[in-house]
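Biologist: I should like to request a close look at one part of this model, namely its salt bridges. Please treat the matter in one connected account.

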Amino acid sequence: KLHAESILILPPSDRRAKHIVSVLKPEPGATIRVGVVGKGVGRAAVAVSQLGEVTLQPLPGFRQLQLQLGPEPPHLELLLAMPRPKVMMRLWSELSQLGFRRAILSNA
């Protein structure tokens, strides 16, 4: 639920609330990074109620969540000599995590 002044309350059943409670384990007064896909990122104060509801509120001094566009990912391409098949299978995951947009394989 989005309330006035951009306060967001996540119910205990929400997967984001579960992640905040079980993984991030915020202490009273903690802030976390928040974002909206395609809109940007910002910071919000987080509070967890005894019922498990998570409240996200803009940092003090801001009227609403301040979202800034994140940096554009770099355009990376890789020229690679043909590795062995087993090595190539392991490389695909690593290359995608590193952000390579294109891999060019050549015969060595």
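Biologist: Is Asp14 buried or exposed, and what is its relative accessible area?

Modeller: Asp14 is buried, because its relative accessible area of 16% falls under the 20% limit for that class. The model is a predicted one, with a mean pLDDT of 81 for the chain and 79% of the residues at 70 or more. Asp14 takes part in a salt bridge with Arg16, in which the closest N and O atoms are 2.8 Å apart. The partner, Arg16, has 44% relative accessibility and therefore counts as partly exposed. In general terms, side chains of opposite charge can pair when their charged atoms come close.

A search of the whole structure finds two salt bridges. Besides the pair just described, Glu77 forms a salt bridge with Arg102, and here the closest N and O atoms lie 3.4 Å apart. Glu77 belongs to strand E6 (residues 76–81) and Arg102 to strand E7 (residues 100–106), so this pair ties together parts that are 25 residues apart in sequence. Glu77 is partly exposed, with a relative accessible area of 40%. Arg102 is likewise partly exposed, at 46%.

As to confidence among the elements of the chain, helix H1 (residues 15–24) has the highest mean pLDDT, 92, whereas strand E1 (residues 2–3) has the lowest, 54.

Methods. Residues numbered from 1 in each chain as written. Predicted model: local features only at pLDDT ≥ 70, side-chain atom pairs only at ≥ 80, totals over all residues. Heavy atoms only, no water. pLDDT = per-residue confidence, 0-100. Helix = DSSP H or I, 4+ residues; strand = E, 2+ residues; numbered from the N terminus. Salt bridge = Lys/Arg side-chain N within 4 Å of Asp/Glu carboxyl O. Buried < 20%, exposed > 50% of the residue type's maximum accessible area, 1.4 Å probe, protein only.
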